Amino acid sequence: MIQINPREIAAEALMEITTAEAYNNMTLRRLLRQNGAMSRQDRAFVTELVNGTLRNLIFIDHVLNTFSKTKTEKMKPWLLAVMRLAVYQMYFMEVPDSAACNEAVKLAQVRGYGALKGFVNGVLRTASGKRNEVSLPEKGTAEYLSLFYSYPLWLVKMWIAYYGYEETEDICDWGNEAPDVTIRVNTLKTNRVELKEMLEKAGIVVRDGCVSENALHLKKTADLGKLEAFQKGLFHVQDESSQLAVKILDPQKGESIMDLCAAPGGKSFTAAEQMENEGKLISCDIYEHKIELMEEGAERLGIRMMECRVKDATEKEEKQEQFDRILVDAPCSGLGLMRKKPDICLKKDGSEIDSLTLIQKEILENAAGYVKKGGVLVYSTCTLCRKENEKNLEWFLKNHPEFEAEDITKYLPAEWVTETAAKGYITLLPHKTGTDGFFISRMRRKD
């Protein structure tokens, strides 16, 4: 029987993500498929090790740098990955410290670093025995939140300026918890009750959503792609924040709709299902390989009305004023997704936000021309950054007096209604809504 060490797979994934700028979701998916003989429990362990370590990376490196004379930036990439995983197990998981240390020493030898096993063992044993000697900045400071919760200091300071210290700490704390999986029931093929029963029979823990009657939250999912319900096209994966964006778009049967930045396609799928497969739905993306993935998804779900096009969302290529509704889910900094994509923190320093806002404005400028008189334009992002969200909305309405913000209160759960809803937008703070961090706004072109 093939012997696979899940910690070795986790170390391989972590090293790739942190040194080759690979994406954690894609890297994990590939390595888990390549090692498909692993048990369901081991696959879950690998996923938790990698994502948990990424969520706590700043703190973990602080621990290593506290007890090692060789600092993390000077360590061999393989040894650093192995030691980071070991610290995560000791400080954040119910794994005996001795087991975490011993396994790390073994993994050091696997890649030819046997001569350094004493170094690995020494640092980790010290980190185990002296954890009360790990110093932290003063509580109540941005530096404390940054180090304790492992969020970049620039981001913590930005959020404190927006939301205050306590709210920012709540966002960081929530973001460090492992997420469940949220799906959207494919109402073209089944209903929530039938799908829920089918998934529970497969051993999955299921609970109802709070925004959409067709949202379900799943735990103990293992590989969703292997489920009969997935292969039959009975659902697609979609956070409730994205489902709410489509709810606020409010697509109607027989209408003409464009999803201008559609990949990976979830919002288009939901729109098509709400439209009962009747009408015109143009789903666009700039990358051809993403178009292929959307077409595959639509076929699996039985969606016939969706036309996928390779299109640059900043360029005018369509006849003007021909769509009833336009959805712009713009490319953004993704700062609302860190619970699911903890590697986002590793790849951003805030410098890209200004260039992103320029692209977002170009896309909005282009989208405005496609909306019929009386038609609707929804602008959304998966980030918590006012430059990309509220400021863009203000800019658009100022420069396009032919549009007006429209009250979205009726689309929201009662407990989510805020004073901004009447002004046409909502910011979903994840610790309050249980969703991704998200921004959604709705505008109507005047008749």
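The legends below accompany an overall view and several close-up views of a predicted model.

**Figure 1. Overall view of the predicted protein chain, with its 19 helices and 12 strands.** The C-alpha atoms of the protein chain fill a box of roughly 75 × 50 × 40 Å along the principal axes, and the radius of gyration of 23 Å agrees with the value near 22 Å that a compact globule of 447 residues would have. Of the 447 residues, 54% count as buried, while the accessible surface of the protein chain comes to about 20,000 Å², of which 49% belongs to carbon and sulfur atoms. Among contacts between residues at least 6 apart in sequence, 72% join residues at least 24 apart.

**Figure 2. Close-up of helix α10 (residues 165-175) and the elements that cover its buried residues.** The buried residues of helix α10 are E167, T168, I171, C172 and G175. Seen down the axis of α10, these buried residues fall within an arc of 135°, and they therefore line one face of the helix. The cover over the buried residues of α10 includes helices α3 (40-55), α8 (142-149), α9 (153-163) and α19 (430-433).

**Figure 3. Close-up of the salt bridge between E103 and K106 within helix α6.** The side chains of E103 and K106 meet with an N to O distance of 3.5 Å, and this pair is part of a count of 26 salt bridges in the model. Both residues lie in helix α6 (residues 97-110), where they are 3 residues apart, or about one turn of the helix. An α-helix has 3.6 residues a turn, so residues three or four places apart point the same way. The two partners differ in their cover, in that E103, at 19% relative accessibility, counts as buried because the cut-off lies at 20%, whereas K106, at 47%, counts as partly exposed.

**Figure 4. Close-up of helix α14, with the salt bridges of E273 and K267.** R184 forms a salt bridge with E273, the closest N and O atoms being 2.6 Å apart. This pair links distant parts of the chain, with R184 in strand β1 (residues 181-185) and E273 in helix α14 (residues 266-274), 89 residues apart. Both R184 and E273 are buried. In a further salt bridge, the side chains of D329 and K267 meet at 2.9 Å, N to O. Since D329 lies in strand β8 (residues 323-329) and K267 in helix α14, the pair ties together parts that are 62 residues apart in sequence. Both D329 and K267 are buried as well.

**Figure 5. Close-up of the salt-bridge network of R192, K196 and D208.** These residues, R192, K196 and D208, are linked with one another in a network of salt bridges. Side chains of opposite charge can pair when their charged atoms come close.

**Figure 6. Close-up of D239 and its polar surroundings.** D239 is found in the loop between strand β4 (235-237) and helix α13 (240-249), and with a relative accessible area of 9% this residue is buried. A polar contact of 2.7 Å joins the side chains of D239 and K340, and a polar atom of the D239 side chain lies 3.0 Å from the backbone nitrogen of D436. Not counting residues up to four places away in sequence, D239 touches T182, K340, T435 and D436.

**Figure 7. Close-up of L377 in strand β9 and the residues in contact with it.** L377 is found in strand β9 (residues 371-381), and at 0% relative accessibility L377 counts as buried. Leaving aside neighbours within four places in sequence, L377 is in contact with I326, V328, L364, A367, V371, F396, F403, S441, R442 and M443. One of these residues, M443, is 66 residues away from L377 in sequence, yet the two are 5.1 Å apart in space, C-alpha to C-alpha.

**Figure 8. Close-up of A202 in the loop between α11 and β2.** The loop that holds A202 runs between helix α11 (192-201) and strand β2 (205-208). With a relative accessible area of 40%, A202 is partly exposed. A202 and E228 are 26 residues apart in sequence, and their C-alpha atoms are 9.0 Å apart in space.

Definitions and conventions:
Residues numbered from 1 in each chain as written. Predicted model: local features only at pLDDT ≥ 70, side-chain atom pairs only at ≥ 80, totals over all residues. Heavy atoms only, no water. Salt bridge = Lys/Arg side-chain N within 4 Å of Asp/Glu carboxyl O. Helix = DSSP H or I, 4+ residues; strand = E, 2+ residues; numbered from the N terminus. Buried < 20%, exposed > 50% of the residue type's maximum accessible area, 1.4 Å probe, protein only. Polar contact = N/O pair within 3.5 Å; in protein donor to acceptor, adjacent residues only side chain to side chain. Contact = heavy atoms within 4.5 Å. Rg over C-alpha atoms; globule rule 2.2 N^0.38 Å. Areas by Shrake-Rupley, 256 points an atom, 1.4 Å probe, with all protein chains shown as cover. Arc of directions from axis to C-beta.
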